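Q: Could you show me how to read the overall build of a model, its domains and its chain contact?

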Amino acid sequence: MSAGVGIWRCASCGTGYFPERLLCPRCHGHEFTPDRVTEAVVEEVTVIRHVLGQTDWAPRRLANVRTINGPRMTVGLRDESGPGTVVELFEDGTAPFGAAKA
Amino acid sequence: MFNNAAIIGVGQSAYVRRPQSGQSTHTFIRDAVVAALKDAQIDGKEIQGMAVTSFSLAPDTAVDLAWRLGLSLRWLLQDTNGGSSSMNMLGHALRGVETGAASPILVVAGDATGLSGYAKIAANYNVATREHLAPLGHGGPNGVYSLVTTRQMNKYGLKKSDYGHMAIAQRAWAAKNPFAVYREPLTMDEYLAAPMVADPLTRYDCVPVVAGAQAIIIAHPDRVPKGRAPVRVRAIRNSFNYDNQEGDGLQTGISTFADELWKAADAKPSDIDVASIYDDYPAMVLAQLNDLGMIPANDLAAFARRDIGERRRPINTHGGMMSAGQPGGPAGGLNGISEAVLQLQHRAGDRQVKNARRAVTTGYGMTMYRYGGTAAAAILERME
């Protein structure tokens, strides 16, 4: 696990994207520099309680979050954070997660 | 406006919740094609073009399907744009016939993924889903649209029961559709007591995956069987990746072309007698209707309670995918188009809307990351 979530920032106009793009939708620049976002505000939360084909499923909390100076993204929540909560972001493999700031 | 191309026939296979031994995507597609050819009174040898969409045709492609169906063609298309695939194929086929590229053209959509097959598709929908959503246990599109639905409820003041009006109304229509997989009446108490799937979506908010197929035939209007009205498309528009996934998903790509669509059709929302709105989730039906300008004052809650709850508007008269069933994602849109055709040809049986003359149909889909990125709409008209 690593702190923050990697995003891609357009080298031309500075806009941050997640997931990765090939061209910047705003200026169509083709070069991106890696950046990290470390905090976000929770906007909506859901709990995935049932998944097709799964018989032994433990509910999982997901949220739509607005990152600071970055894009909106969907994260897994590792605690009971609700809408309006500021969460710290971290990555597990290629998946973004969040939990309330200590 | 298409003057030399029209929809002249429709056909569908049985819809089943689980494909049985011996049933496959290919056999369901075959059954729909046979039904459509019979309905249009067209010999298979006459078919010059075919368009197909399916999540579960692979490793076969369109030409393999042509081979398996014994169709030698000069026009062929395979569409991969999810819930708006059928609308895309309709537009391409109309232009193909209108310009003389091929006629008749068979448009077919079918899927028989089964539950495990659908789960694999949902987890590998695209690179973004595979890398950033599936590892979270997002549960496929249910997880994505649960967040969109919460946003819509917050923005428009919708209650859970408002979505229930749609599920109940469509179930009542489905009771009159012998092909629908769910035909038993649904009450508001049952709707509200249904098990939660992905908050706030309960069982009746999540479109049931079925196995089945649908087909329509496009040809010159003169080819319509005697005693039947051809169905013309007055206008059709599409949108792809309308906002780069940077909005809230409460508007669809339809919002980018709705005004142009109505103008091109020389029609207005009040002219519409029947609507087939792509209904993978109730929230997206309201979003599409709103984008089309069919919800007065953008008051989604009032529309849900009055126009849908009191059955003032015939919407998804086959029961919608939520009650009739969704064969995969891409195939689902064609049943709405077929239903509009049956209504405009006054062949919808017990669910016939009296004197139906104009319909609107939509497609919506390809959940790229936070919501769908493809959308389409068409205005259909009965030719007298």
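The dialogue below takes up these features in turn.

A: This is a predicted model, in which local features need pLDDT of at least 70 and side-chain atom pairs count only at pLDDT 80 or more, while totals for chains, interfaces and linings use all residues. Residues are numbered from 1 along each chain as its sequence is written, and chains are lettered from A and ligands numbered from 1 in the order in which they are written.

Q: How many helices and strands does chain B have?

A: Helices (H or I, at least four residues) and strands (E, at least two) are DSSP runs, numbered from the N terminus. Chain B has 13 of each. Its radius of gyration, taken over C-alpha atoms, is 19 Å, close to the 21 Å that the globule rule (2.2 Å times the number of residues to the power 0.38) gives for 384 residues, so chain B is as compact as a globular protein of that length.

Q: What percentage of chain B counts as buried?

A: A residue is buried if 20 or more other C-beta atoms, placed from the backbone, lie within 10 Å of its own. In chain B, 60% of the 384 residues meet this criterion.

Q: Which domains does the assignment give for chain B?

A: Domain bounds come from an automatic or database domain assignment. For chain B, this gives domain 1 (6-115 + 211-222) and domain 2 (141-204 + 229-382). Their C-alpha centres lie 23 Å apart. Two residues are in contact if their C-beta atoms, placed from the backbone, lie within 7 Å; the contact takes 33 residues from domain 1 of chain B and 36 residues from domain 2 of chain B. On the domain 1 side, α3(B) provides the largest share, 7 residues.

Q: At what angle do the axes of α3(B) and α13(B) cross?

A: Axes are lines fitted to C-alpha atoms, for helices over the stretch in contact, and angles run from 0 to 180 degrees between N-to-C directions. The axes of α3 (residues 85-98) and α13 (residues 332-344) of chain B come within 7 Å and cross at roughly 60°. That makes α3(B) oblique to α13(B), since angles under 35 degrees count as roughly parallel, over 145 as roughly antiparallel, 65 to 115 as roughly perpendicular and the rest as oblique. Ser85(B), Ser86(B), Met87(B) and Leu90(B) in α3(B) meet Gly333(B), Leu334(B) and Ile337(B) in α13(B).

Q: How many residues does each chain give to the contact between chain A and chain B?

A: Chain A gives 21 residues and chain B gives 27 residues. On the side of chain A, β5(A) gives the most, with 4 residues.

Definitions and conventions: Buried ≥ 20, exposed ≤ 12 C-beta atoms within 10 Å, placed from the backbone.
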